[in-house]
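Student: Please take me through one part of this model closely. I would like to see how the strands of a sheet are arranged, and what sits on a nonpolar surface.

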Amino acid sequence: MSELTLTVMRLGFLAVLWLFVIVAVQVIRSDLFGTRVTQRVARRPAAAAAGRQQPPAQRGGQRAAGRKENRQRRGVPTQLVIVQGSLAGTTVALQGQTITLGRAHDSTIVLDDDYASSRHARIYPDRDGQWIVEDLNSTNGTYLDKTRLTTPTPIQPGMPIRIGRTVIELRK
């Protein structure tokens with residue numbers, strides 16, 4: 001073997017060794033400090049902003065319709081509360097949108113939990129106003145009141161949803 005070939009092989013081995021060290025340090029750093037959780041600011045619905053620009057007569061009619069809708073919607077959960085886990089005490093207002101849970105940074109609720117998948121579960125309303133929880137083929141599973149979910153399942157207020165060490169409940 002020539003001297004040049006041996007030198008190139010030594011340098012290549014050294015580069016791979018340094019790459020391994022850098023990756024190992026990054027993994028250890030992420031285990032020690034966890035993932036970065038960013039707080040999201042809730043946006044006002046466009047309907048609320050549009051309601052201010054309407055004449056008072058139209059707004060009065062909307063208020064009456066809103067009261068009828070509120071009477072029909074009594075007993076329906078209005079917030080999602082994290083009861084246990086690193087985000088305990090966090091509440092999310094339920095406004096009819098889909099809520100995604102997982103470690104991914106674009107999730108509605110970013111879980112800093114070793115047992116959560118990137119896209120772990122989602123909670124969404126059906127046409128009747130009932131909230132549904134669905135496991136998104138997570139590794140460790142999603143549990144609704146000690147039962148592992150295999151299909152989308154309706155949630156009753158107060159029933160615990162467990163994802164790893166995080167427990168979530170719907171509340172009125």
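Tutor: Start with a definition: a nonpolar patch joins side chains of Val, Leu, Ile, Met, Phe, Trp or Tyr within 5 Å, each residue having over 30% relative accessible area and no salt bridge. Keep in mind that this is a predicted model.

One such patch covers about 950 Å². Its members are Leu-11, Phe-13, Leu-14, Leu-17, Trp-18, Phe-20, Val-21, Ile-22 and Val-25. Take Leu-11 from that list. Leu-11 belongs to helix 1, which spans residues 3-33. Leu-11 counts as exposed because its relative accessibility is 56%, and the cut-off for exposed is over 50%.

Now the sheet. It is open, has 5 strands and shows mixed pairing. The strand order is 4-3-5-6-9. Strand 4 and strand 9 (153-154) are the edges, each pairing on one side only.

Look at strand 3, residues 99-102, and its two partners. On one side, strand 3 pairs with strand 5 (residues 121-125). That pairing is antiparallel and has 3 bridges. Within it, Ile-99 is bridged to Ile-123 of strand 5.

Strand 3 also pairs with strand 4, residues 109-110. Here the strands run parallel, joined by 2 bridges. Leu-101 has Ile-109 of strand 4 as its bridge partner. Gly-102 is bridged to Val-110, also in strand 4.

So strand 3 illustrates a general point: strands of a sheet pair through backbone hydrogen bonds, either parallel or antiparallel.

Terms used: Residues are numbered from 1 along each chain as its sequence is written. This is a predicted model: local features need pLDDT of at least 70, side-chain atom pairs count only at pLDDT 80 or more; totals for chains, interfaces and linings use all residues. Side-chain values use heavy atoms; hydrogens and water are left out. Patches are made of residues with over 30% relative accessible area and no salt bridge: like charges are joined within 9 Å, nonpolar side chains (Val, Leu, Ile, Met, Phe, Trp, Tyr) within 5 Å. Accessible areas come from the Shrake-Rupley method with a 1.4 Å probe; for residues, only the protein chains shown count as cover. A salt bridge is a side-chain nitrogen of Lys or Arg within 4 Å of a carboxyl oxygen of Asp or Glu. Helices (H or I, at least four residues) and strands (E, at least two) are DSSP runs, numbered from the N terminus. Buried means under 20% relative accessible area, exposed over 50%, partly exposed in between (1.4 Å probe, protein chains only). Two strands pair if DSSP finds at least two bridges between them.
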